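Colleague: Please take a close look at the disulfides in this model. I would like the details of each link, then the setting around them.

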Amino acid sequence: MTPIRRLILTGLAALPLVLALSPASLLATEGESPALETLPLVIHGQARRHPFTVEVARTIPERSRGLMDRDHLDDEAGMLFLYRDAQSPRNGFWMYRTRIPLDIAFIGEDERIAAIRTMLPCDADQPSECPVTYPGVPYRAALEVNAGTFERLGIAEGDCVSWPGSAGHCQSAPDGGEGADPGASSAPDD
């Protein structure tokens, strides 16, 4: 291998580290988080539809950051965590550096809420010191909202969740009425 080629390959190999340590990425980990894509989301309950506007966390860094370091979340807002593959019932969430009490709905492959849990802030110095909230069920997405929101709105396990890019399972609600979602798309979410 020529010295020039070796130098180029070494530089290319170091590029991810340089980008990861760039001032922009350092600023993104402290203070304000970078803007995430927002989408409308609807939870189709027994009696009515509940609309939300959610930020979408699709990548590992976005999902790892979640709602850390925030002091407020609007009433009808949340964060939707999307995964390419189904997640194990043992893959949980923690509240390290998360200041807002949250409800989390674990959403299965059929886009129905499989489990709901409440998570409290953790002020520990290390992530490993925070409790992990396990769903106990496999899931393909998770939705975090302010604690108490699901109970206040009567949202329960079994309710269907739709967003642009979801598979459209809520369209085939048994009654074809309130649960149907004519706006759901069948485009992939990844």
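Modeller: Here are the two links in turn, followed by the fold and the largest pocket. Keep in mind that the model is predicted.

Start with the count. The structure contains two disulfides. Number the bonded cysteines along the chain, and the pairing reads 1-2, 3-4.

Take C122 and C130. These two cysteines are joined by a disulfide, with an S to S distance of 2.1 Å. The dihedral about the S-S bond is -90°, and the link of C122 and C130 is left-handed. On burial, C122 counts as buried, and C130 does too.

Now C160 and C170. Their sulfur atoms sit 2.1 Å apart and form a disulfide. This link is left-handed as well, with -100° about the S-S bond. C160 belongs to strand β9, which covers residues 160–162, while C170 falls in the segment after β9, so the disulfide ties together parts 10 residues apart in sequence. Burial can be checked against a cut-off: buried means under 20% relative accessible area. C160 has 2%, so this cysteine is buried. C170 has 1% relative accessibility, so it also counts as buried.

Next, the chain that carries these links. The chain has four helices and nine strands. Read from the N terminus, the order of elements is α-α-β-β-α-β-β-β-β-β-β-α-β. The chain has 190 residues, and 39% of them count as buried. Among contacts with a separation of 6 or more, 68% are between residues 24 or more positions apart. The exposed area of the chain is about 10800 Å², and carbon and sulfur atoms supply 58% of that area.

Last, the open space. Rolling a probe the size of a water molecule over the atoms shows where empty space is left. The largest pocket holds about 380 Å³. Its lining has 20 residues, and those closest to the centre are R63, S64, G92, F93 and W94. Four elements each give at least two residues to the lining: α3 (60–65), β3 (77–87), β4 (93–94) and β8 (139–146). Of the elements, α3 gives the most, with four residues. By class, the lining of the largest pocket splits into 11 nonpolar, six polar and three charged residues.

Definitions and conventions. Residues numbered from 1 in each chain as written. Predicted model: local features only at pLDDT ≥ 70, side-chain atom pairs only at ≥ 80, totals over all residues. Heavy atoms only, no water. Disulfide = S-S within 2.5 Å. Buried < 20%, exposed > 50% of the residue type's maximum accessible area, 1.4 Å probe, protein only. 1 Å grid on protein atoms, 1.4 Å probe; cavity = no way out; pocket = protein on both sides within 12 Å on 5 of 7 lines; lining within 4 Å. Points joined across faces, edges and corners; volume = space filled by probe spheres on them. Nonpolar A, V, L, I, M, F, W, Y, C, P; charged D, E, K, R; others polar. Contact = heavy atoms within 4.5 Å. Areas by Shrake-Rupley, 256 points an atom, 1.4 Å probe, with all protein chains shown as cover.
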